Amino acid sequence: MRIEDVTRLELGTFVRPAEETGTGSARVETVLGYVARTPAGLLLFDTGLGEADHDTEAWYRPRRVRIEDALHTVGLAIDDVDLVVNCHLHFDHIGGNPSLGGRPIYCQRVELDTAHTTDYTVPQLVDFAGARYELLDGEAQIASGVHIIPTPGHVDGHQSVVFECEDGSIVLAGQSHDTASAWSADALAARAPALGHEQPLPPASPWMSRLLEFDPKRVVFAHDAAVWIP
Ligand SMILES: [Zn+2]
């Protein structure tokens with residue numbers, strides 16, 4: 001596979017209230033998924049905004065694109081999907097999972113445990129007929145060149161996917177960072193000592209060095225259409 005074979009899916013938008021943005025203003029955010037034909041089969045990374053309870057709906061005001069419709073826009077159908085990876089199990093990343101029953105859903109064990117606590121996500125999007133979790137305890141290579149790497153931070157069980165393509169690696173970073181610029185700052189923080197900077201330095205995410213070992217040519221995100229390029 002090649003990097004350009006990883007296709008982005010637009011799965012909707014929501015309005016993040018000012019209380020959560022840190023900027024004092026509300027922000028309209030995109031919800032993106034990714035699909036690629038991999039040595040593991042047709043892999044779908046994140047499935048969109050689920051229907052939440054009344055309070056959550058009122059708080060985020062989501063506009064959804066059904067996963068069926070998003071796949072259709074790129075010439076695919078639900079039946080084509082062989083496996084699902086969710087970066088984490090918040091309601092805005094797993095909305096289409098119930099339509100994908102029977103397929104393996106790759107998830108960190110700690111994330112599923114957390115999702116079974118109250119007030120974390122929408123329970124019906126986690127435990128539905130046909131739900132089949134492949135639970136991971138850390139990093140895993142699920143097929144040749146297809147890696148799942150824990151990237152905790154936003155939540156403890158957050159994970160990212162790396163595809164080692166013929167023309168270089170691409171990281172599906174999900175919500176490891178809200179924006180490509182936040183990733184960029186973190187990646188530079190991880191490289192700062194090697195660049196000759198002396199302490200004190202900002203701390204980098206502990207897993208950032210692991211992802212940079214893949215020498216990614218692209219990093220893409222769940223809530224930012226911007227793409228990081230080294
Ligand atoms: Zn999210």
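In what order do the five strands of the open sheet stand? I looked this up in a predicted model and found the order 8-9-10-11-12, with mixed pairing.

**Entry 1: the sheet.** I noted that strand 8 (140-143) and strand 12 (216-221) each have a single partner strand and stand at the edges, so one side of each is left without a neighbour in the sheet. From one strand to the next, I recorded an average twist of 20°. I then examined one pairing within the sheet: strand 9 (residues 146-150) runs antiparallel to strand 10 (residues 159-165), and five bridges join them. In this pair I found P150 opposite Q159 of strand 10.

**Entry 2: the zinc site.** Which residues coordinate the zinc ion? I identified D92 through OD, H93 through NE2, Q175 through OE1 and H223 through NE2, at 2.1 to 2.2 Å. Along the sequence, I wrote the spacing of these donor residues as D-H-x81-Q-x47-H. I classed the arrangement as irregular because the four donor atoms subtend angles of 86 to 175° around the zinc ion.

**Entry 3: the largest pocket.** I recorded a volume of about 330 Å³ for the largest pocket. Its lining comprises 18 residues, and T56, Y60, H90, F91 and Y120 lie nearest the centre. I asked which elements give two or more residues to this lining; they are strand 1 (7-16) and helix 2 (54-60). Sorting the lining of the largest pocket by class, I obtained seven nonpolar, six polar and five charged residues.

Definitions and conventions:
Residues numbered from 1 in each chain as written. Predicted model: local features only at pLDDT ≥ 70, side-chain atom pairs only at ≥ 80, totals over all residues. Heavy atoms only, no water. Pairing = 2+ DSSP bridges. Helix = DSSP H or I, 4+ residues; strand = E, 2+ residues; numbered from the N terminus. Axes fitted to C-alpha atoms, helices over the stretch in contact; angles between N-to-C directions. 1 Å grid on protein atoms, 1.4 Å probe; cavity = no way out; pocket = protein on both sides within 12 Å on 5 of 7 lines; lining within 4 Å. Points joined across faces, edges and corners; volume = space filled by probe spheres on them. Nonpolar A, V, L, I, M, F, W, Y, C, P; charged D, E, K, R; others polar. Donors = N, O, S within 2.8 Å, 3.2 Å for Na, K, Ca; no water. Tetrahedral: all angles 85-135°; square planar, octahedral: opposite > 155°, others 65-115°.
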